[in-house]
Amino acid sequence: MKLHLRIWRQAGPDAQGHMARYELDGVTPDMSFLDMLDTLNEQLIAEGCEPVAFDHDCREGICGACGVVINGEAHGPERTTTCQLHMRHFSDGDTIDVEPWRAAAFPVVKDLVVDRSAMDRVIGSGGYVSVPTGSAPEAHATPVPKPDADEAFTHAECIGCGACVAACPNGAAMLFTAAKVVHLAALPQGRVERESRVLDMVGTMDEESFGGCTVTGECATACPKGIPLTSIAAMNREYVRAVRKRR
Amino acid sequence: MTTPPGAGAGQDAAEHAGHAAGRGREQTGRDAEQDAGHAEQDAGHAEQPPPADADAARTVPYADYRVGEPLVDRSAPDGPIAERWDRRRFEAKLVNPANRRGHTVIVVGTGLAGGAAGATLAEQGYRVLQFCYQDSPRRAHSIAAQGGINAAKNYRNDGDSVHRLFYDTVKGGDFRARESGVHRLAQVSVEIIDQCVAQGVPFAREYGGLLDTRSFGGVQVSRTFYARGQTGQQLLLGAYQSLSRQIAAGQVEMRARTEMLDLIVIDGRARGIVARDLVTGRIDSYLADAVVLATGGYGNVFHLSTNAKNSNATALWRAHRRGAYFANPCFTQIHPTCIPRAGDHQSKLTLMSESLRNDGRIWVPVRAGDDRPPREIPTSERDYYLERQYPAFGNLVPRDIASRAAKSVCDEGRGVGPGGQGVYLDFTDAIARLGREAVAERYGNLFEMYERITAESPYETPMRIYPAIHYTMGGLWVDYDLQTTVPGLFAIGEANFSDHGANRLGASALMQGLADGYFVLPSTLGDYLARLPRDEAFRDVDRDHPAVHACVGEVTDRLFALLSNNGDRSPESFHREIGELLWEECGMARDEAGLKRALERIPALREEFWQRIRVPGSGRELNQSLEKANRVSDYLELAELLCLDALHRTESCGGHFRTESQTASGEALRDDESYTYAAGWEFTGAGRAPVLHREQLNFEYVHPTMRSYA
């Protein structure tokens, strides 16, 4: 099929960006969205033009590197990562807009590539259990009820792609932060540091120019891993609990 | 390559690269040609390759290797095998905690091995300078591992033990791994699970609250711990979180989006790396007291593999060029159950868990070229070839056998799907026997994943699968301490060659990465630092040392050659071509004639690369074409060593199958008399025959036997 692409081109962080138009023929339904961009890039190289920069790596929907806004939706029309979105969800002759994640906390690096290091700093401020290598007790020393383990797992599935931030009208990172807070609070191993964790992570989130939450729920709709919106409520409970306990 | 005059460390080099790029775009055709010629000479392959010829008797210059001094692992202790690791740790000299602050260690890569090592070394008090090419240390390819992680916990009381895991791993590796190292791996496996549970890794649990395990890859005990189908992700996030804690504490300086492009060796010791900031293009030198490579395997040399798209061999190869021996490059693992590619546009394959073979039946049409839909082919016209050839094991034969059988039926023209590169994996019988619900319970998420990619439902129509490169057992040669042949350079995880021999067992990659990163390296690295002569131990390298300048200059030159060439072929087109050549001649089954064809073709292809490569853009910005071209330039050298190693090892063993060496029933036939050694290759120049150093392997505890699945 033939596509009309409108893709955000921006030479660098401080450069003025614009939507560039490209015509791409020979797209097949079996291509992934990134295969399609690869094909466009080969065409651009052959024409002597600079290819479109975009982040990607595993192409299996697990590393979280890829992610673009497709026709206004983070990761496009299907609830999956951009690398797992296939062109069969588009039609011959479609016009497709491709833009980078848009958020104050995610400055554009080039074209469709953004800087998501703010999310790493949120994790670094408390998204861990302080257990130096070698100091761990026997794994079976503390049984974990299966429902708690499952709850932890559901939230641990976050791949850190940033779609939740990109989808949020406020550019908030609540779903991302809540996923880690709830994952670790669900487990006995994570409960020792639960108060400092939620307070520090929320504090960092605010410092990193992520917006505030107004519970529009766009984050959970865009999340390719199905992190539930209720995790935000759970994090708020953790937060209130921590504030009270600290008082 | 020569050092260009005026190319220095740091900013100078970046300016040089930027300037070079600008100049390259303005060049006339003649200048560009001269530059291409220059690049060729630099890469050191001036000799003209002979024309391609299928005759196996021909000689290939590169195959004319010399045999050098044998390799000896001097760091391995002797004595009873179960006591060796304790002895090594006791005999290791320690670095005073106060002195650790004075040592900087570079760790390249943030996968399971690198992330675990960086976090642990920082916890011990070393200053860690860590690198990854991704935008975040959370994204390394360890994240994609599905199945699980082995550990000899014996929670099932099913007869497992450290010794049994050791035994299984040595045997599974087809007797081409070192006993001491494998035994240590089995010992340490137990501690890994403790560590990960304490980090909050949400392993699968039973209703009693204890950890669940399963048996994996045909092993008779249930020793595989898992976290749904995302074990690698969860283990990696555990290591990443520990690393993040150290980054926030200022103990690790993390440089994401920075790619190692060379190793700095001064006075025979690894003292740093040259790396490129992928955002600004700045090429800089980073200096340290030791360098740890945790940069993964080289499976992407085959172009189509299950590796992440940007996984590459550049760090390994550049270290090899600087003196680190490369061991057993021909030991590559092919996974039989990947989703076949849909067309030429595709450059990455997706793995489907091997567990599918427990209930799926593999078949192809009896008649070549039969293109009826699978449902219309009656049973009498189907060939369930694994069940036919291996009645005892049927569809559960080991990975390599299943893979070769698939290729051979496809070579007969009986493959299915686009391009005839696929075989059916059919669940019809399983659904009839167990019911759709039970099948969905077992494989639902895999079926969903398959359907998302292919738009076909495995409930309705048989899956199509095909083998793909998945893991590389070969890598940099390391001793028991995980130190390479360059003092101060260590290699951990998939980057080294150590524990899997010629074949890796399922669920053992995660185990080895974490064993190396959390436990082994942090114990042995200190010994290296503690034994440095007093006057050297805390002496920093001068940033203006000629070797530093030379190294930065060479990296800059090479990128300049790529940018300024202005040819007519994309990096991707060369990657595809070398990959297809390797897959054809050095893939699942290898023979002398094919390997010689490849060895004749590769130098010509490499020459063509340096003449015709086109890299748009400049070196002073994010330039993914430049990154790719640079990686492909290394594949074009590594591919040659891979084929040579495969040619020289005339036996079949593990993942390396030489068609000349098989039993009557088509089993791999080892030649223990001649090949019970690890082949460590020494670099002598691109395109020049390397020197082979053999490390003889001794089996005191597990006696070599021949496997049989017929």
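## Working through a two-chain model

Over all chains, the structure holds 86 salt bridges. Keep in mind that this is a predicted model. Grab a viewer and try these.

### Exercise 1: a long-range pair in chain B

Find the partner with which Arg176(B) forms a salt bridge, and work out which parts of the chain the pair links.

**Solution.** Start with the general idea: side chains of opposite charge can pair when their charged atoms come close. Next, check the distance: the closest N and O atoms of Arg176(B) and Glu651(B) are 2.9 Å apart, and the cut-off is 4 Å, so the pair counts as a salt bridge. Now place both ends. Arg176(B) sits in the loop between α6 (162-172) and α7 (179-199) of chain B, while Glu651(B) sits in the loop between α19 (624-648) and α20 (672-675) of chain B. The two are 475 residues apart, so to speak a link between distant parts of the chain.

### Exercise 2: the A–B interface

Describe the interface of chain A and chain B by its contacts, its buried area and its polar pairs.

**Solution.** Step one is the head count: 75 residues of chain A are in contact with 73 residues of chain B. Step two is area: about 6,000 Å² is buried between the chains, with carbon and sulfur atoms giving 52% of it. Thr133(A), His140(A) and Phe153(A) supply 12% of the area that chain A buries against chain B, more than any other three residues.

Step three is the polar side. There are 6 salt bridges between chain A and chain B. Glu138(A) and Lys153(B) meet in a salt bridge through their side chains, at 2.6 Å, N to O. The rule also finds 42 residue pairs in polar contact across the interface, both at pLDDT 80 or more.

Step four: which elements of chain A take part? Those supplying at least two residues each include α1 (33-46), α2 (117-124) and α5 (174-185). The largest share, 7 residues, comes from α3(A). By class, the side of chain A that touches chain B has 36 nonpolar, 20 polar and 19 charged residues.

### Exercise 3: two packed helices

Characterise how α5(B) and α8(B) pack.

**Solution.** Two numbers do the job: two packed helices are described by the angle between their axes and the distance between the axes. For α5 (residues 112-124) and α8 (residues 231-248) of chain B, those are about 35 degrees and 8 Å. The crossing is left-handed. Among the residues making the contact are Gly115(B) and Ala119(B) of α5(B), plus Ala239(B) and Leu243(B) of α8(B). Sorted by class, the contact has 8 nonpolar, 4 polar and 2 charged residues.

Methods. Residues numbered from 1 in each chain as written. Chains lettered and ligands numbered in written order. Predicted model: local features only at pLDDT ≥ 70, side-chain atom pairs only at ≥ 80, totals over all residues. Heavy atoms only, no water. Axes fitted to C-alpha atoms, helices over the stretch in contact; angles between N-to-C directions. Helix = DSSP H or I, 4+ residues; strand = E, 2+ residues; numbered from the N terminus. Left-handed = near helix turned anticlockwise from the far one by under 90°. Contact = heavy atoms within 4.5 Å. Nonpolar A, V, L, I, M, F, W, Y, C, P; charged D, E, K, R; others polar. Buried area = accessible area lost by both parts, 1.4 Å probe. Polar contact = N/O pair within 3.5 Å; in protein donor to acceptor, adjacent residues only side chain to side chain.
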